Amino acid sequence: MLANCEKLRPLLSGLLHGQYGQQIAGMKFFAPPIKYDNIQIPEKPKLRFMDKVPQLPSNLRAPKMQKKLKWMRGPELVHNSLVHKQYGIVATGGGRLRWGHYEMLRLTIGRKMDTSRMFAIWRVEAPWQPVTKQGQGQRMGGGKGAIDHYVTPVKSGRVIVELAGELEFVEAKKILDIVCPKLPFKAMVVSQEMLENMKAEEERLERENLNPWNFKYIIQNNLGGCHRWLSPVDHKWFGKYL
């Protein structure tokens with residue numbers, strides 16, 4: 001009986017101590033809670049209603065417009081940062097927002113968010129660009145069709161909506177992930193820290209690049225006669241934005 005106890009003693013000591021003789025039980029250190037002293041919840045925390053048709057003076061006829069694809073191509077140079085430095089949805093490709101997308105964002109985010117400690121703001125204007133459409137079954141010609149609906153063009157890097165307040169990224173991502181895949185262009189949920197890391201990583205890759213044969217060099221030097229089949233957009237953005 002004593003011999004069996006002697007054999008079990010090393011096994012029990014190994015269970016009570018770690019690999020290097022350290023005790024298994026110990027203190028746990030957690031990160032300090034985030035302080036929200038500078039956060040002020042506005043009087044109306046939900047997204048405001050957007051007009052389906054822009055309001056024009058009574059003596060002005062609604063103007064028609066061309067497609068203007070340049071308003072959807074290239075990077076966004078102005079509205080590409082978060083105002084409240086917290087969380088939001090950023091477009092990673094160009095496209096057009098219709099009024100139905102605004103309603104989807106407004107109703108879904110307003111239903112899921114906690115208005116006592118969160119608020120959301122728009123970062124895009126209401127639909128303003130007219131899109132015309134010919135009546136069904138008409139023959140070719142007959143002039144430009146009547147205005148069918150209004151859209152808002154969006155470029156890559158544009159902030160669509162922001163969600164801020166006394167919340168962490170896990171809570172914001174759970175809400176914004178519901179509406180992000182339903183947008184008519186590619187988009188992603190970001191935080192201020194993610195935007196800063198993405199910008200720093202892009203600058204690092206450009207700074208530490210050792211390969212001189214990049215797409216920009218190929219286009220600028222017409223290697224392989226690529227100017228014969230490249231579009232003007234490739235000459236401007238070098239294959240980065242379609």
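**Surface residues in the loop between α1 and β1**

In this predicted model, His79 is partly exposed, since its relative accessible area of 31% falls between the limit of 20%, under which a residue is called buried, and the limit of 50%, over which a residue is called exposed. His79 belongs to the loop that runs between α1 and β1. When the neighbours within four places in sequence are left aside, His79 is found in contact with Arg123, Gly157, Arg158 and Val159. For one of these partners, Arg123, the C-alpha atom is separated from that of His79 by 7.5 Å, although the two residues stand 44 residues apart along the chain.

The loop between α1 (2-16) and β1 (87-91) also holds Arg61, and this residue is exposed because its relative accessible area, 76%, is over 50%. Together with Lys64, Lys67 and Lys144, Arg61 forms a positive surface patch.

With regard to the protein chain as a whole, six helices and seven strands are present, and their order along the sequence follows the pattern α-β-β-α-β-β-β-β-α-β-α-α-α. Of the 242 residues in the protein chain, 30% are buried. The accessible surface of the protein chain amounts to about 17500 Å², and carbon and sulfur atoms account for 56% of this area. Among the contacts in the protein chain with a separation of 6 or more, 78% are between residues that lie 24 or more positions apart; the contact of His79 with Arg123 joins residues that are 44 residues apart along the chain.

How values were computed. Residues numbered from 1 in each chain as written. Predicted model: local features only at pLDDT ≥ 70, side-chain atom pairs only at ≥ 80, totals over all residues. Heavy atoms only, no water. Patch = residues over 30% accessible without salt bridge, like charges linked within 9 Å, V, L, I, M, F, W, Y side chains within 5 Å. Areas by Shrake-Rupley, 256 points an atom, 1.4 Å probe, with all protein chains shown as cover. Salt bridge = Lys/Arg side-chain N within 4 Å of Asp/Glu carboxyl O. Lys, Arg positive; Asp, Glu negative; His and termini not counted. Charge placed at Lys NZ, Arg CZ, Asp CG, Glu CD. Helix = DSSP H or I, 4+ residues; strand = E, 2+ residues; numbered from the N terminus. Buried < 20%, exposed > 50% of the residue type's maximum accessible area, 1.4 Å probe, protein only. Contact = heavy atoms within 4.5 Å.
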